[in-house]
Amino acid sequence: MNQLPKRVWHATATPVIRRTASKIAGSKAASSQLLQRRENSATATAEATAAATADAVCPHLGLEQEAAATPRIHATAEWQNALSYQEIPGPKPLPILGNTWRLMPIIGQYTISDVAKISSLLHDRYGRIVRFSGLIGRPDLLFIYDADEIEKCYRSEGPTPFRPSMPSLVKYKSVVRKDFFGELGGVVGVHGEPWRQFRSRVQKPVLQLSTIRRYLQPLEVITEDFLERCERLLDANEELPLDFDNEIHKWSLECIGRVALDARLGCLEDNLTPDSEPQQIIDAAKYALRNVATLELKAPYWRYFPTPLWTRYVKNMNFFVGVCMKYIQSATERLKTQDASLRNGEPSLLEKVIMSEKDEKIATIMALDLILVGIDTISMAVCSILYQLATRPAEQQKVHEELKRLLPDANTPLTIPLLDQMHHLKAFIKEVFRMYSTVIGNGRTLQEDSVICGYQVPKGVQAVFPTIVTGNMEEYVTDAATFRPERWLKPQHGGTPGKLHPFASLPYGYGARMCLGRRFADLEMQILLAKLLRNYKLEYNHPPLDYAVTFMYAPDGPLRFKMSRI
Ligand code: HEM
């Protein structure tokens, strides 16, 4: 089984936080040492802030970085007793080459697909906080493997958290297509007040339970179509094709199209021709997302000149914008021409946004963001969940039993109260996310100087919270190496007690910037698993697959599941 190795907590790598001045104040040498350390620390802070600034300022803010004033934290004992930023352990950058070479093919020791392993190796080697500095064109990365410190960072992030994600998308929105986005960047890759304003305009309709309820039936229909297509794809051994991940991708695209564009895109139709719109959407979605890791984690030369990869990326993004505009214009037309008195039931998400904002552009940009982040995340999560189900027959049986009890007639339409009672199914999903977190980590660009794990960390540094590692640490999760969905259940539903740090496994992030699509993601996954496992048995009878990062963390290889009717 592909389980990450059991990790040991590195207490030895922890700095002595309270190395107080009084301890060394006895001698002159000690005083000058302390002074020297402070000077080093001030220089390091200034250097790191300067390095970080280029990336940390959001183009949509249109503001200059605030003039430097001495931050209040500098006067506290916590700051003064902390070790300097430079003392944080981590791989040492080489002169001129920095650390970027470590991610390069052949000469580097790390490959992009191994990002999850790198994160784990860094923890094993350096301890609970690791500084990865000297990366070309980007600020230092600070990996934090301490769930209490992660909690502290999240809880003190203020009203406009800064998630340093997708600089390529930032450049696309703020430079390449400034003509279209202007001041309305959306939520992904946008920060500060512009992010807060956009998010507060769309958050309510997106997360409202009434909106989610409205999509249960349409998404169930799409899922039924998907399962019918799967049946048609089975070979003589009842096995799904080698590129089954592609089919999952089409299902998620069809779902997000229904939610964000109010349309059936037609991605699940048989025999799509290469020039058909659905196939073009499928190709563009795949290309845009799969190349982001390469664009952003390897040396980002595209920031300085348009590389072929960048040019293709821009073309794809333009295609997406065009598709969103087309569907949103037709939704607006529908709303204009439809007799309002004939409208009944809950309006769709798009209708809610168009009616409340009276601005088609807001709806278009919202749809674009939902589509861009809502396809790969969910399809890779589903690949991972299905693989774990297929390779854990006993666990699969438990979910099936639960479904048989709740849906004695397999054709019973799903309802929200029924989904609410699928405790085992939901616990299974959570356990997959804990052990194989699809999004391997989250991050924040620090907006204030902070003390983290006993070190002075300057603002502008990118803190990385590697949930794939912390979710598997014995320190935070009892019997972490064992796959046990029951740990997520309440005792009345068969739950087993044990330690589960609330900040060790956060698949959807946390706080004001938490995943905007999480309710749709949960709904889509629950519908798919309920329909699939009530009616079919899933098996995987091939050599085990490794997990790798292709933007998301998922099994790396053909998902040749055997799918047989029960
Ligand atoms: C299982 C699937 C998914 C996972 C694991 C996931 C995970 C995440 C994570 C970790 C974040 C960052 C949160 C933070 O910074 O605290 C995020 C942000 C976001 N997600 Fe998801 N996501 C999933 C599915 C979706 C779907 C289906 C949609 C769209 C319908 C979506 C839309 C978004 C958006 C728009 C943001 C940016 C929010 C903001 O910055 O304000 N996600 N997601």
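## Ground rules

Helices here are DSSP runs of H or I that are at least four residues long, numbered from the N terminus. That is what a label such as α11 or α12 refers to when Asn271 is placed in the loop between those two helices. One thing to keep in mind throughout: this is a predicted model.

## Two domains and what sits between them

The protein chain splits into two domains, each made of two segments. Domain 1 takes in 71–166 + 440–475, and domain 2 takes in 192–439 + 507–565. Taken over C-alpha atoms, their centres are 30 Å apart.

Where does the ligand lie relative to the two domains? Both domain 1 and domain 2 contribute residues to the shell around the ligand, so the ligand lies between them.

## The shell around the ligand

There are 25 residues around the ligand, and the ones that come nearest are Arg163, Arg199, Arg444, Arg513 and Cys515. By class, the shell breaks down into 16 nonpolar, five polar and four charged residues. Several elements supply at least two shell residues each: the helices α8 (192–207), α16 (360–374) and α17 (376–390), plus the strand β3 (442–445).

If you're after polar contacts, look at the ligand's oxygen atoms. One is 2.8 Å from an N or O atom in the side chain of Arg513, a residue that is also on the list of those that come nearest. The side chain of Trp195 has an N or O atom 2.9 Å from a ligand oxygen, and the side chain of Asn442 likewise puts an N or O atom 2.9 Å from an oxygen of the ligand.

## The iron and its protein donor

Which protein atom serves as a donor to the iron atom of the ligand? It's the SG of Cys515, 2.3 Å away, and the protein offers the iron no other donor. Cys515 belongs to the loop between α21 (467–470) and α22.

The helix after that loop, α22, covers residues 518–535. Its 18 residues reach 26 Å from the first C-alpha to the last, close to the 26 Å expected at 1.5 Å a residue. It is also mostly covered, with 16 of the 18 residues buried.

## Two positive phi angles in one loop

Now back to the loop between α11 (244–260) and α12, which is home to Asp262 as well as Asn271. Asp262 is not a glycine, yet its phi is positive, at about 60°. Asn271 also has a positive phi without being glycine, with a value near 50°.

Are these two buried or exposed? Asp262 has a relative accessibility of 13%, so it counts as buried, the limit being under 20%. Asn271 comes in at 75%, which is over the 50% cut-off and therefore counts as exposed.

## Two buried loop residues

Asn291 sits in the loop between α12 (277–290) and α13 (292–297). Its relative accessible area is 16%, so it is classed as buried. From C-alpha to C-alpha, Asn291 is 7.9 Å from Leu309, although the two are 18 residues apart in sequence.

Thr391 is in another loop, the one between α17 and α18 (393–406). With a relative accessible area of 18%, Thr391 is buried too. What does its side chain reach at 2.7 Å? The partner is the backbone oxygen of Tyr387. As for α17, that helix is one of the elements supplying at least two residues of the ligand shell.

Note on methods
Residues are numbered from 1 along each chain as its sequence is written. This is a predicted model: local features need pLDDT of at least 70, side-chain atom pairs count only at pLDDT 80 or more; totals for chains, interfaces and linings use all residues. Side-chain values use heavy atoms; hydrogens and water are left out. A residue is near a molecule or strand if one of its heavy atoms lies within 4 Å of it. A polar contact is a pair of N or O atoms within 3.5 Å; within protein, one must be able to donate a hydrogen and the other to accept it, and residues adjacent in sequence count only if both atoms are side-chain atoms. Ala, Val, Leu, Ile, Met, Phe, Trp, Tyr, Cys and Pro count as nonpolar, Asp, Glu, Lys and Arg as charged, and the others, Gly among them, as polar. Domain bounds come from an automatic or database domain assignment. The expected span of a helix is 1.5 Å times one less than its number of residues. Buried means under 20% relative accessible area, exposed over 50%, partly exposed in between (1.4 Å probe, protein chains only). Donors are N, O and S atoms within 2.8 Å of the metal (3.2 Å for Na, K and Ca); water is not among the atoms, so sites may look incomplete.
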